Amino acid sequence: MRKVILLLLLLCFTAHTRGKLHSPPAKPGLTSCRSPEKETFTCWWKPGSDGGLPTTHALYYRKESSETVYECPDYHTAGENSCFFNKNDTSIWVNYNITVVATNALGRAFSDPVEIDVVYIVKPNPPEKVTVTVMEDKGWPFLRVSWEPPHKADTRSGWITLIYELRVKLEEEIDWEMHLAGQQKMFNIFSLRSGGKYLVEVRCKPDHGFWSEWSSTSYIKVPDYFHREKSTWILITVFSTFTFLILMWLLHMNRHNLKHCILPPVPGPKIKGFDKQLLKNGKSNQIFSALVVPDFPPATSSNYEDFQVEYLEVYVRREQELVLEESKDLHNSCLKSESSTSDCDSGRGSCDSHTLLMAKCREAKEGERQTDRECSPMRTEAQRRLKDWEEEALNYAHAGIVSLEMSSGRVKTWPSVFSPLPRYSSSPLDQQSSLQMAKQLSLSTSSYLTQPGHSTKEALGQSYWDLCLSSKQPHLLNPPTPVCRELQAHSDVNISSIGHKRAPAGPRSPALHTTEYVEVQRVDNKDTLLLQPVVQGCGRMGGCFQMPHGEVYSKVKGVDSDNVLLLQREGMGEDSCHKSCTVSTTQKPSGCIYTAVPVRDEMATMANGYVDTATMCTLHTC
Amino acid sequence: MAHCGGTNGSKLFTMVLYMAAACGAIPISDLLDRASQRSDKLHSLSTTLTQDLDSHFPPIGRVIMPRPSMCHTSSLQTPNDKEQALQVSESDLLSLVRSLLQAWEDPLVVLSTSANTLPHPAQSIISNKIQELQEHSKSLGDGLVVLSGKMAPGAQTISSLPYFGGNDIGQDRISKLINFNFLLSCFRRDSHKIDSFLKILRCRAAKMLPEMC
């Protein structure tokens, strides 16, 4: 009895000291079953609490087609708490019903059954023999990764089909770069960093299964290829420097052009005789004396372009609508800047300038006012004078003026510019009177307005009287009057053509196609215009009329006693003119041909009033 | 999209195969490659379908689900392991494949019709996938016809595996789901068999191209 009690106490004590209560084992659980090659498989379980007693586990399985329960054939190969099914025990496309039983002294526990089919639990081993090498492609390195399938997986026969995946990263990076390689066993990685150290890993997966674990890491170091990059940069630098130098050189070569492009030069003054240096350094006397053209009025044959010639377009009109507009006209005409034929850069251009014109007009105006003040009936006098002048003109038209026909007569006068020329001023009085005359003339001429419709019937052309008032005193018109160049601009005064209104004895103004140049020799006291054929006067100043190009103009060679205008048939342009001009007044130019043709009623006038030699004939009293 | 692609693809596949058969231009390895791609797709679809179905499957269903041995194709003798499979001749393998595929022609229709009324939250997805299954299956079958013509006469043999399940898969929700799941599991297994056999055949045909396997 005492022994039993002692035994019990001992047991209790033992149990108490242990601190545990024995219990049947807890339910184990199957964690996973995997097949690496679709030929074998392994199952792992996790045991529950053992209940304080040594617990054993057993795995039992049952195949789908039979009720036979088998126990796990191999508990050790796969490690602890595992069951390995070898090839003989593995059937595919067969469901396995697997249960794990935990047993201890007090009881047993069954895990939940698991149905598996081997073909669905395939998880291969990682690929093997992963090799990474650095290779070169046209000087640029790349990584070549190659591997082999896990040795257990039978891919040769097609029993298992594996697809691969690899990942790469630099040693210092965190994120991997994934590449799917498909079924191939080799892969190239490009775009490497020079001198970088790379880590490469590969894994595989069957066509319908689970991914394997990553293979062991392969390390590879990419060699430095920076020097190749450097050489490229050197090349680029050299090329760009070259190009830059060439560009600079080109710019340097063309700097003048560039300068002209960017900063166009200010056109300098082109007044003949205007010396910039003189302006800077010299005295005013010198400047102005320099301005004075020494050979003006032109005595030698010089360029016609440089001369300014006044010409007076005169036409005879019955009604003399003068007056009121004259001042206005003058003003207007002064305001107008005629620049149709003159270029801004020629010598005349400056004379044509607006300011100068205004100055001139102002002078003219003063003169006008003066004259007005002097005689308000100046106008009438002007009319009278004009009439006289007309008559004179007509007379002279008889004498030899071939035709005076103007539709829109334009008078271009330049009285004030040339008046101060000292050379030709015999006396101040003369000068004054000449000026007066000029002004009066301008006045009178200005009194004539354009009457476009007035003479359109007859003539389209204009006849120009070359009035060289500028170059000489009216009284002192020299026989060899210089040839004056027609000057356009200044005060445009339209004078109705004289030829229109048949002056009492005036010839019917025919339609002229050419302009006949007759030099005004002088104007006498009676305001009679004395004409002189131009060609004679050529020689003195050496200037000649500038003929519009392409047209044949005749110079009046002379007027003979029968009031026949002798014309000179010339060739073209200036050359012949020059030729003729060199001849003295009395001589007949050898190179010149002249024809004296009786004046006919009908004259061919050219558009600008020049007389066509072909049809020219001398006027006669009719 | 997949529907159209499947139809066009199948037509193209068939045309190509027929042309190949006529001209003899396309090698068998290519044909097998295309066929195995089809079968791969087929099995993948069935796998996803099973997962979709399992997302809302009553636990009790797993308990009372019929065994796979109850599949109507279980009577067909197929290799059970690798050695057995590798010993089967090509024509026999193809014959097996064709038989299996043929056996599923009708049950797929049943699956399709019952998918329309399946009491499952992912019913529409399942229905679409069943449609795809049908198309892929059809195109594969057509291709296999051509393939079998290039092989030994044994490939022409098709075992008849009739389906006796009828059109009705159950009355109540549970039984419907269970039966649907069961049928799908049978198809999944059979599609895996087809895929495996075709890939074995492919490897065998591509002896010159080891990278194919």
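How many helices and strands make up the secondary structure of chain B? I counted eight helices and zero strands, taking helices (H or I, at least four residues) and strands (E, at least two) as DSSP runs numbered from the N terminus.

**Ground rules.** I noted that this is a predicted model, where local features need pLDDT of at least 70, side-chain atom pairs count only at pLDDT 80 or more, and totals for chains, interfaces and linings use all residues. Residues are numbered from 1 along each chain as its sequence is written, chains are lettered from A and ligands numbered from 1 in the order written, and side-chain values use heavy atoms, with hydrogens and water left out.

**Chain B.** I read its pattern along the sequence as α-α-α-α-α-α-α-α. Of its 213 residues, 52% are buried (buried is under 20% relative accessible area, exposed over 50%, partly exposed in between; 1.4 Å probe, protein chains only). I then looked at contacts (heavy atoms within 4.5 Å): among those between residues at least 6 apart in sequence, 84% join residues at least 24 apart.

**Cores.** Next I looked up the largest nonpolar core, a set of buried Ala, Val, Leu, Ile, Met, Phe, Trp, Tyr and Cys residues joined through side-chain atoms within 4.5 Å. It has 72 residues, and Phe41(A), Leu59(A), Ile98(A), Phe180(B) and Leu198(B) touch the most other members. Helix α8 (residues 173-205) of chain B gives the largest share, 13 residues. Another core lies apart from it, with 24 residues, including Leu162(A) and Val200(A). I also followed Phe180(B): beyond its neighbours within four places in sequence, its contacts include Leu53(B), Leu111(B), Ile126(B) and Ile169(B).

**Salt bridges.** I found 20 over all chains, each a side-chain nitrogen of Lys or Arg within 4 Å of a carboxyl oxygen of Asp or Glu.

- Lys27(A) and Asp112(A) meet at 3.2 Å, N to O. Lys27(A) is in the loop between α1 and β1 and Asp112(A) in the loop between β7 and β8 of chain A, so the pair ties together parts 85 residues apart in sequence. Lys27(A) is partly exposed at 47%, and Asp112(A) is partly exposed at 48%.
- Arg203(A) and Glu165(A) meet at 2.8 Å, N to O. Arg203(A) sits in strand β14 and Glu165(A) in strand β11 of chain A, 38 residues apart. Arg203(A) is buried at 18%, and Glu165(A) is buried at 11%.
- Glu39(A), Lys87(A), Asp154(A) and Lys82(B) are linked in a network.

**Nonpolar patch.** On the surface I picked out a nonpolar patch of about 590 Å², made by Phe244(A), Met248(A), Leu251(A), Leu258(A), Ile262(A) and Leu263(A). Patches take residues with over 30% relative accessible area and no salt bridge, joining like charges within 9 Å and nonpolar side chains (Val, Leu, Ile, Met, Phe, Trp, Tyr) within 5 Å; areas come from the Shrake-Rupley method with a 1.4 Å probe, and for residues only the protein chains shown count as cover. Helix α2(A) gives the most, three residues. Leu251(A) belongs to that helix and is partly exposed at 40%.

**Record check.** The unreviewed UniProt entry annotates residues 233-251 of chain A as "transmembrane region"; positions follow the numbering used here, feature names are shortened, and annotations may be inferred rather than shown by experiment. In the model I found that stretch to be 100% helix and 0% strand, with its end C-alpha atoms 27 Å apart.
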